[in-house]
Amino acid sequence: MSDTGKELHFVMVHGFGHGAWCWYKIRTLLEASDYKVTCLDLKGSGIDRSDPNTIFTFQDYNKPLIDLLSNLPENEKVILVGHSAGGLSLTDAIHRFAKKIHLAIYVAANMLRHGFVTPQDYKDAVPDLSKYGDVTMMIYGAGADKPPTSMIIKEEFQSQILYHLSSKEDSTLAAMLLRPGPLRAFAGVHFTEGPDADSVPRVFIRTIHDRVIMQEQQDAMIRRWPPSQVFDLEGEHSPFFSAPADLFGFLLKGNALLL
């Protein structure tokens, strides 16, 4: 094992409705290069048994990441990689555990310094899928007369919106494993500024052919909270499926910031 591999620990954070499973290609590439990799299931995601309809707060949803950082040895740091809504998990961690984070890499992700505070935050980070029609299925876990508690993109639209450059095998796998995401956990989520937040270098990987977080939305988040480095990936919203080698390469390039 190389010295670099011994030192660097990647923690992969999935987006809304996904799970640790979506990183299987990236995990394979990183581990083959002797890096330590942890792929988390946030609460109600992947194989976590929690019912997403019972998750009320972002703090509860993001607890697996916060617990991991809380339990790291005092002298150990990690590289956080977040996809899509997983960017909010990274920002939460940056404000709370900056001294435990070498680097935060946002992959087509929500990169809002304080979360959803202003109308501009919603404009920049919330996907508008209306042009595709009625694409979401809402679950009313608190009763039909109450607001929806979770949501999932209907299976017949998933490939067109999330995975349009991915293989049929990967989009089929995703259709089998996607779960409704907890809507209430994300409602108005905002973060208190951490004293060392600016000490964490950030990288943003733009996905040029994204149909979820559009190019202008990604650019707006980059302008409003400029990262240390921006990379352009010729891919869709889910490059861990459609462009794993390119994404892997950008993860390693981002690590050059640590040298």
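Q: In which helix does Arg-223 lie, and why is Arg-223 called exposed?
A: In this predicted model, Arg-223 belongs to helix H10, which covers residues 215-224. The relative accessibility of Arg-223 is 61%; the term exposed applies over 50%, and Arg-223 therefore counts as exposed. The C-alpha atom of Arg-223 is separated by 34 Å from that of Pro-147, with the two positions 76 residues apart along the chain.

Q: Why is Thr-91 called buried, and which residues does Thr-91 touch?
A: Thr-91 is part of helix H5. The threshold for buried is under 20% relative accessible area, and Thr-91 has 0% relative accessibility, so it counts as buried. Leaving aside residues up to four places away in sequence, Thr-91 touches Tyr-106, Leu-112, Arg-113, Phe-191 and Trp-225.

Q: How is the packing of H4 and H5 described, and what is the hand of their crossing?
A: Two packed helices are described by the angle between their axes and the distance between the axes. For helix H4 (residues 63-70) and helix H5 (residues 86-97), the angle is about 35° and the axes are 10 Å apart. The crossing of H4 and H5 is right-handed. On the H4 side, the contact is made by Leu-65, Ile-66, Leu-69 and Ser-70, and on the H5 side by Ser-89, Asp-92, Ala-93, Arg-96 and Phe-97. Sorted by class, this contact of H4 with H5 comprises five nonpolar, two polar and two charged residues.

Q: What makes S2 and S9 edge strands of the six-stranded sheet?
A: The open sheet runs in the order S2-S1-S3-S4-S8-S9, and its pairing is parallel. Strand S2 (36-39) and strand S9 (229-233) each have a single partner strand, so each has one side without a neighbour in the sheet and stands at an edge. From one strand to the next, the twist averages 20°.

Q: How do you know that S8 and S9 are paired, and how many bridges join them?
A: Pairing requires at least two bridges between the strands. Strand S8 (residues 202-207) and S9 run parallel and are joined by five bridges, so the condition of at least two is met. Within this pairing, Phe-204 has Val-230 of S9 as its bridge partner.

Q: Which helices pack on this sheet?
A: Helix H2 (residues 24-32) packs on the sheet and touches strand S1 (9-13) and S2, its direction making about 160° with that of S2. H5 also packs on the sheet, touching S1, strand S3 (78-83), S4 and S8, and the direction of H5 makes about 160° with that of S4.

Q: What makes S4 largely enclosed by the rest of the structure?
A: Six of the seven residues of S4 are buried, and S4 is therefore largely enclosed. S4 pairs with S3 in the parallel sense over six bridges, and Leu-80 has Ala-104 of S4 as its bridge partner.

Q: Which strand gives the most to the largest nonpolar core, and which residues have the most contacts inside that core?
A: The largest nonpolar core has 80 residues, and Met-12, Ile-205 and Leu-251 have the most contacts inside it. Strand S4 (residues 101-107) gives the most to this core, with six residues. Apart from residues up to four places away in sequence, Leu-251 touches Phe-10, Met-12, Ile-26, Leu-30, Val-81, Ile-105 and Ile-205.

Q: Why do S5 and S7 stand at the edges of their sheet?
A: This open sheet has three strands in the order S5-S6-S7, with antiparallel pairing. Strand S5 (136-139) and strand S7 (181-182) each have a single partner strand, so one side of each is left without a neighbour in the sheet. S5 and strand S6 (residues 150-153) run antiparallel and are joined by four bridges; Thr-136 has Ile-153 of S6 as its bridge partner.

Q: What is the phi of Ser-84 and of Ala-108, and why is each residue called buried?
A: Most residues other than glycine have a negative phi. Ser-84, in the loop between S3 and H5, has a positive phi of about 55° although it is not a glycine. Ala-108, in the loop between S4 and helix H6 (119-125), likewise is not a glycine and has a positive phi of about 45°. With buried set at under 20%, Ser-84 qualifies because its relative accessible area is 11%, and Ala-108 qualifies because its relative accessible area is 0%.

Definitions and conventions
Residues are numbered from 1 along each chain as its sequence is written. This is a predicted model: local features need pLDDT of at least 70, side-chain atom pairs count only at pLDDT 80 or more; totals for chains, interfaces and linings use all residues. Side-chain values use heavy atoms; hydrogens and water are left out. Axes are lines fitted to C-alpha atoms, for helices over the stretch in contact, and angles run from 0 to 180 degrees between N-to-C directions. A crossing is left-handed if the near helix is turned anticlockwise from the far one by less than a right angle, and right-handed if clockwise. Contact means heavy atoms within 4.5 Å. Ala, Val, Leu, Ile, Met, Phe, Trp, Tyr, Cys and Pro count as nonpolar, Asp, Glu, Lys and Arg as charged, and the others, Gly among them, as polar. A nonpolar core is a set of buried Ala, Val, Leu, Ile, Met, Phe, Trp, Tyr and Cys residues joined through side-chain atoms within 4.5 Å. Buried means under 20% relative accessible area, exposed over 50%, partly exposed in between (1.4 Å probe, protein chains only).
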